[in-house]
Amino acid sequence: MPASSPLRAWWKRRPPTAGAAVMATGIVSVGLQLAGYEALSLFALAMASVAWLALAVDFAVGLLRQRRRWVAEARTPGALTAVAATAVLGTRFSALGRQGLAEVLLALCAVLWPVLLFLVVRHWHRRMPGAVFLCCVATQGLAVLAATLAAADATAWLAHAALVLFWLGLVLYGFALAHFDVRQVIEGPGDQWIAGGALAISALAGAKLISADSARLYLWDDDNLGVLRDTTIVLLVLDLTCYVVLLTAEVARPRLRFDVRRWATVFPMGMTATATLSVAAALGILWLERPGRVLVWISVAVWLTVAAGAVRSARAGFRAAR
């Protein structure tokens, strides 16, 4: 590709949070699969996988050839989308029975997560945007994938590791909340929704931990299982409440111009749908299935809207780069 090509110029201008597009598409795929729409789910998975590969190549090239730029981007909260997106894809591949591939993605997450988390957290400051909650999202994404594989492979130690990550993710949510600029609820360009998405993926992690238990593993006694159930329900209630608050803020103060951070709106919406359906299955709360399916289609509609905006923005970027 020529150094001055419009495609290269457009690609260089993308922000570190571009990985949220993979997260959003991947979780929509998971939600569609849980709702029973396998063909649409696989189509979304294919798109997410292609985007993940492109970003992975750029990540590796930046690390090897553009170290200064890589370190600068790795210090921003958006860098953690690399972990979260990889974990989401691993979870979907595990549902397809591709446990080997999911295990490779889990190993990759386990390598990236502590490095990126350390770089990001040490550069936190006051009044941060919604991306600050990615510390929780990445940690809980790792917990979700570990718990999913623990259930698939009947591996007890992996489930216990996922439990540690689950509680750590909740602690990180508290720290992130202390640094979050609450004004972003009204003013944010899209990533303020991650405040709710972090609660949703935490509820999903709880549901996966509960589902991982079986007669073969016997992971949790009655007391631990009760705590997990209660915590998961509280997290889902908080997530749905946050969803309503953020949606109300969007209606009260519309922000209709496209921003790449709108992918960080799609992800929490899709994650809320997925968490609702997963909690319904794990805890036997069957009446949650219908609202979960409605939320899936809302996330699909928002995904299509944001994708259309991304295409228009890319075309404008190509024209400007010529």
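## Helix α8

Helix α8 (residues 156-179) contains 24 residues and spans 35 Å from its first C-alpha to its last, close to the 34 Å expected at 1.5 Å a residue, where the expected span is 1.5 Å times one less than the number of residues. The model is predicted, with local features requiring pLDDT of at least 70 and side-chain atom pairs counting only at pLDDT 80 or more, while totals for chains, interfaces and linings use all residues. Residues are numbered from 1 along each chain as its sequence is written, and side-chain values use heavy atoms, leaving out hydrogens and water.

Among the buried residues of α8 (under 20% relative accessible area, 1.4 Å probe, protein chains only) are Leu158, Leu165, Phe166, Tyr173 and Ala176. The buried residues of this helix pack against α6 (99-121), α7 (134-153), α10 (194-212) and α11 (222-252), contact meaning heavy atoms within 4.5 Å.

## Nonpolar core

The largest nonpolar core, a set of buried Ala, Val, Leu, Ile, Met, Phe, Trp, Tyr and Cys residues joined through side-chain atoms within 4.5 Å, has 109 residues, and those with the most contacts inside it are Phe133, Val137, Trp263 and Phe267. Not counting residues up to four places away in sequence, Phe133 touches Tyr173, Ala176, Leu177, Phe180, Ile194, Ala195 and Ala198.

## Gln184

Gln184 lies in helix α9 (residues 184-187) and counts as buried because its relative accessibility is 14%. Residues that Gln184 touches, not counting those up to four places away in sequence, include Met128, Pro129, Asp191 and Arg255.

Notes:
Buried means under 20% relative accessible area, exposed over 50%, partly exposed in between (1.4 Å probe, protein chains only). Helices (H or I, at least four residues) and strands (E, at least two) are DSSP runs, numbered from the N terminus.
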